[in-house]
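Please open the structure in your viewer and keep the selection tool at hand. This tour goes from one selection to the next and says what is there each time.

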Amino acid sequence: MHPILPEGEAILQPPMDNTPNDAPEDAPHRIPNLGHALLFLSIAGLFLFLTQLLLLGFTHGPAIGGKLSAASFPPKLLIASEAFTYLATLAISWFVFPLLWKRPFANGIDANPDAARRNAFRLIPIGLTLSFAVQAISSVIAIPKDIPMDDFFRTPSDVWLVTFFGILLAPLFEEILFRGFLLPAVAIAYDWLSLPRTPAAREFWYSNNKISTPALVFSAVFTSILFAALHGQQTAFTWPVLLLLFCVSLILSAIRIRLRSVLASTLIHASYNFTIFLTAFIATGGYRHLDRMTR
């Protein structure tokens, strides 16, 4: 059996050498840090606000001055606003963060497409297996009959739009956010807060850019809580389902750390979502009988 990593590519101890220093004369940089993660979130939040204000506000003009809830918006416009937000955020980030990092965006977030491509035939089955397992367990969990996610499964056109969004764009953006930015950022902050306040410790901090094992473990758990919470509204905050999503996020984080590749965890995430929509597609006769999903 071939190892999941080729010879010489085993993960470092401590298990992540974050952003290798390409310029020896410069001090090593730990990126993305919390400031970078907050900047990424701010860009996304700004675009989401503007797109919902422009795209959705035109159809609910009188509501702008009053209470405006996402539930009152057509699903197509909600997906369109999120898709534009994701694409615009990634486009701006592609140019902005290299100016801060002095390295390409893909390198800064540890995209590592080679690791994802080399292990694709192992990563995809992981995503498929995870998805089938979560669906099987969820089938015996008491979930409210009317949850917000059901609003996106009213018409075939809505479902097809959600399908493409959920397989192609959402996994990429969520992995870049959680595993590309937040995972290393929280780990870096953990190591900084754990650093003894001594000159020797500070000298060690500025002489390398490694992230410790405890920091990665804490960050994986913390960001997985955030990941599950992000999907809470979709499932009406059904706690057993959120616990399952938390476990899925831990596995995605472990793969990202093990292969040092955000695109590796993205591949698992995309195949995970693909299985969910494939199951729905089969169960509803090609999205022609959506009423079967609520039986």
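With which residue does Arg-117 form a salt bridge? Bear in mind, as you look, that this is a predicted model. Select Arg-117 together with Asp-114, and you have the two partners of the salt bridge, whose closest N and O atoms are 2.3 Å apart. Both residues belong to helix α5, and because they are three residues apart there, about one helical turn separates them. Arg-117 counts as exposed, at 56% relative accessibility, while Asp-114, at 40%, counts as partly exposed.

**Next selection: Arg-179 and Glu-175**

Move on to helix α7, where Arg-179 and Glu-175 are four residues apart and so are again separated by about one helical turn. These two residues also form a salt bridge, with 2.8 Å between the closest N and O atoms, and both of them are buried. Now add Phe-227 to the selection, and you will find the charged end of Arg-179 sitting over the ring of Phe-227, at 5.0 Å from its centre. If you would like to see another arrangement of this kind, select Arg-30 and Trp-205, where the charged end of Arg-30 sits over the ring, 3.6 Å from its centre.

**Next selection: Arg-256 and Asp-110**

Here the closest N and O atoms of a salt bridge are 3.4 Å apart. This pair links distant parts of the chain, since Arg-256 is in helix α10 (residues 239–259) and Asp-110 is in the loop between α4 (105–108) and α5 (113–118), 146 residues apart. Is Arg-256 buried or exposed? Its relative accessible area is 1%, so Arg-256 is buried, whereas Asp-110, with 22% relative accessibility, counts as partly exposed. The count of salt bridges in the structure comes to four.

**Next selection: Trp-94 and Phe-105**

Turn now to the aromatic rings, of which a search of the whole structure finds 21 pairs. In the pair made by Trp-94 and Phe-105, the rings are tilted, with 50 degrees between the planes and 5.9 Å from centre to centre. Trp-94 lies in helix α3 (residues 75–101) and Phe-105 in helix α4, so the pair ties together parts that are 11 residues apart in sequence. Trp-94 counts as partly exposed at 48% relative accessibility, but Phe-105, with a relative accessible area of 4%, is buried. You can then widen the selection to the aromatic cluster that holds both of these residues, and that includes Phe-40, Tyr-86, Phe-173 and Phe-181 among its other members.

**Last selection: a patch on the surface**

Finally, select Trp-160, Phe-164, Leu-168, Phe-274, Leu-278, Phe-281 and Ile-282, which make a nonpolar surface patch of about 700 Å². Helices α7 (156–194) and α11 (262–283) each supply at least two of the patch residues, and the largest share, four residues, comes from α11. Leu-168 is found in helix α7, and it is exposed, with a relative accessible area of 59%.

With these helices still in view, compare them with the UniProt record, an unreviewed entry, which lists residues 163–190 and 267–287 among those it gives under "transmembrane region". Over residues 163–190 the chain is 100% helix, and its end C-alpha atoms are 37 Å apart. Residues 267–287 are 81% helix and 0% strand, with 25 Å between the end C-alpha atoms.

Definitions and conventions: Residues are numbered from 1 along each chain as its sequence is written. This is a predicted model: local features need pLDDT of at least 70, side-chain atom pairs count only at pLDDT 80 or more; totals for chains, interfaces and linings use all residues. Side-chain values use heavy atoms; hydrogens and water are left out. UniProt positions are given in the numbering used here, feature names are shortened, and annotations may be inferred rather than shown by experiment. Patches are made of residues with over 30% relative accessible area and no salt bridge: like charges are joined within 9 Å, nonpolar side chains (Val, Leu, Ile, Met, Phe, Trp, Tyr) within 5 Å. Accessible areas come from the Shrake-Rupley method with a 1.4 Å probe; for residues, only the protein chains shown count as cover. A salt bridge is a side-chain nitrogen of Lys or Arg within 4 Å of a carboxyl oxygen of Asp or Glu. Buried means under 20% relative accessible area, exposed over 50%, partly exposed in between (1.4 Å probe, protein chains only). Rings of Phe, Tyr and Trp (its six-membered ring) pair if their centres lie within 6.5 Å; planes under 30 degrees apart count as stacked, over 60 as edge-to-face and the rest as tilted. A charge sits over a ring if NZ of Lys or CZ of Arg is within 6 Å of the ring centre and within 35 degrees of the ring normal.
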